[in-house]
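Subject: Structure for your files

Hello,

Here is the structure I said I would pass on. My notes come after it.

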Amino acid sequence: MDPFKPELPKPPSQRWAFVLAGVGCTFLVLAVLFVGNLWGRTPVKAAIPLVDVKFLATTPWRQSYGDLVAAKEDLSDFDCYGCHEKNKPPPIRYDANQKIIIPKEHSDIVMGHGSHDRNNLCYNCHNEANLLTLQVRDGRELKFNESPALCGSCHGPTYRDWEAGAHGRTSGFWDTKAGPTKRLACVSCHNPHAPDIPTREPAPGPHSLHDAAHAEGAAPAKPSH
Ligand code: HEC
Ligand code: HEC
Ligand code: HEC
Ligand code: HEC
């Protein structure tokens with residue numbers, strides 16, 4: 001080294017070029033690592049299970065007399081005078097515990113209307129003078145497809161809710177151009193002879209978009225009930 005010619009500091013422009021090149025290289029290396037995902041782990045996304053189609057069906061789970069007529073199905077259960085004699089109302093028989101005996105010809109009927117069988121008497125609803133009609137407490141005679149008025153004669157508040165659209169879902173289409181909107185009769189859901197609706201499995205909740213956190217190592221959160 002020549003002691004009389006000390007090394008001069010590099011001109012500033014050259015220093016800056018050096019720094020920029022360094023920073024550029026660092027970013028390039030980082031970008032390669034990032035794009036190549038060299039040390040990151042791709043979060044495992046839990047597969048979104050498809051909803052069971054049974055939860056999407058809009059058909060009511062029971063076919064009322066009106067539904068059977070519309071679907072042109074077998075109506076022989078409603079042909080009362082195919083078996084019974086006119087002007088001879090079938091007598092109602094009871095066992096030793098005052099429970100109604102259901103004859104084997106009607107074995108598809110299981111009576112259970114109200115707690116303690118409160119409303120099990122056939123002629124609370126059927127007209128003994130004409131089995132082909134229903135009878136209401138106030139004396140009105142109704143056809144089988146007019147049964148909501150029969151139910152309403154004893155279940156006033158529910159009937160009012162139903163008329164207002166708050167009980168018994170409105171079915172079919174919102175967009176009436178796509179298809180008709182339908183109001184269901186009480187007996188499209190409730191069996192008149194045993195109207196309590198058994199508890200059903202609930203439909204699954206909405207899928208959480210934050211499941212990735214659960215998927216890392218830990219099993220995805222399961223509903224607790
Ligand atoms: C709460 C009112 C009510 C009572 C009580 C009742 N029924 Fe009915 N029953 C109806 C209605 C309403 C229908 C029509 C249902 C429909 O549209 O699907 C019907 C339908 C029927 C039918 C034809 C369809 C079928 O399910 O076979 C028979 C038979 C019948 N009832 C017999 C009886 C007998 C027997 C009793 C007494 C042991 C009885 N019902 C008690 C309201 C009642
Ligand atoms: C397949 C034949 C058949 C048909 C269809 C039929 N029944 Fe009956 N039903 C019987 C027989 C048999 C009995 C028992 C004998 C009797 O009491 O006459 C009976 C009994 C009854 C009883 C007395 C129930 C009891 O617990 O003692 C009622 C009420 C009755 N039927 C209503 C109806 C009504 C309403 C219809 C039409 C919606 C109908 N049945 C259709 C055969 C029939
Ligand atoms: C003659 C009066 C009367 C008629 C008509 C009647 N119900 Fe009832 N209903 C009752 C009584 C009484 C109870 C029992 C209330 C209680 O136990 O607190 C009951 C209970 C019910 C329940 C509650 C579930 C259960 O079994 O306790 C439902 C749902 C029901 N009825 C639906 C209907 C439908 C649908 C109709 C028309 C097909 C109808 N009811 C016609 C008197 C009637
Ligand atoms: C779309 C189906 C549907 C229709 C249509 C429908 N219900 Fe219901 N109803 C239900 C369900 C679901 C429940 C609740 C389950 C249960 O309590 O059994 C219920 C409950 C009831 C109860 C018991 C309420 C309580 O507080 O315990 C009565 C009474 C009743 N409905 C009467 C009627 C009458 C009357 C009509 C017609 C005017 C009708 N429902 C139409 C589905 C229906």
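The notes below cover one helix, the core beside it and the surroundings of two ligands. Please bear in mind that this is a predicted model.

Helix α3

The helix α3 spans residues 147-154, and Ser147, Pro148, Leu150 and Cys151 in it are buried. Viewed along the helix axis, these buried residues of α3 lie within an arc of 155°, so they line one face of the helix. Their cover includes two strands, β1 (134-135) and β2 (141-142), together with the helix α4 (156-164).

The core

Two of the buried residues of α3, Leu150 and Cys151, belong to the largest nonpolar core. This core has seven residues, the others being Cys125, Leu134, Ala185, Cys186 and Val187. Once neighbours within four places in sequence are set aside, Leu150 has contacts with Cys125, Leu134, Val136 and Leu142. In soluble globular proteins, nonpolar side chains tend to be buried together.

Ligand 4

Around ligand 4 there are 17 residues, with Cys151, Gly168, Cys186, Cys189 and Ile197 the nearest. Cys151 and Cys186 are also members of the largest nonpolar core. Both α3 and α4 contribute at least two residues to the shell around ligand 4. By class, that shell holds eight nonpolar, seven polar and two charged residues.

Ligand 2

The shell of ligand 2 consists of 19 residues, and Cys80, Cys83, Pro90, Pro103 and Cys122 are the closest. Twelve residues of the ligand 2 shell are nonpolar, four are polar and three are charged.

Regards

Technical notes:
Residues are numbered from 1 along each chain as its sequence is written. Chains are lettered from A and ligands numbered from 1 in the order in which they are written. This is a predicted model: local features need pLDDT of at least 70, side-chain atom pairs count only at pLDDT 80 or more; totals for chains, interfaces and linings use all residues. A residue is buried if 20 or more other C-beta atoms lie within 10 Å of its own, exposed if 12 or fewer, and partly exposed in between; C-beta atoms are placed from the backbone. Helices (H or I, at least four residues) and strands (E, at least two) are DSSP runs, numbered from the N terminus. The arc is that of the directions from the helix axis to the C-beta atoms. Two residues are in contact if their C-beta atoms, placed from the backbone, lie within 7 Å. A residue is near a molecule or strand if its C-beta atom, placed from the backbone, lies within 6 Å of it. Ala, Val, Leu, Ile, Met, Phe, Trp, Tyr, Cys and Pro count as nonpolar, Asp, Glu, Lys and Arg as charged, and the others, Gly among them, as polar. A nonpolar core is a set of buried Ala, Val, Leu, Ile, Met, Phe, Trp, Tyr and Cys residues joined through C-beta atoms within 7 Å.
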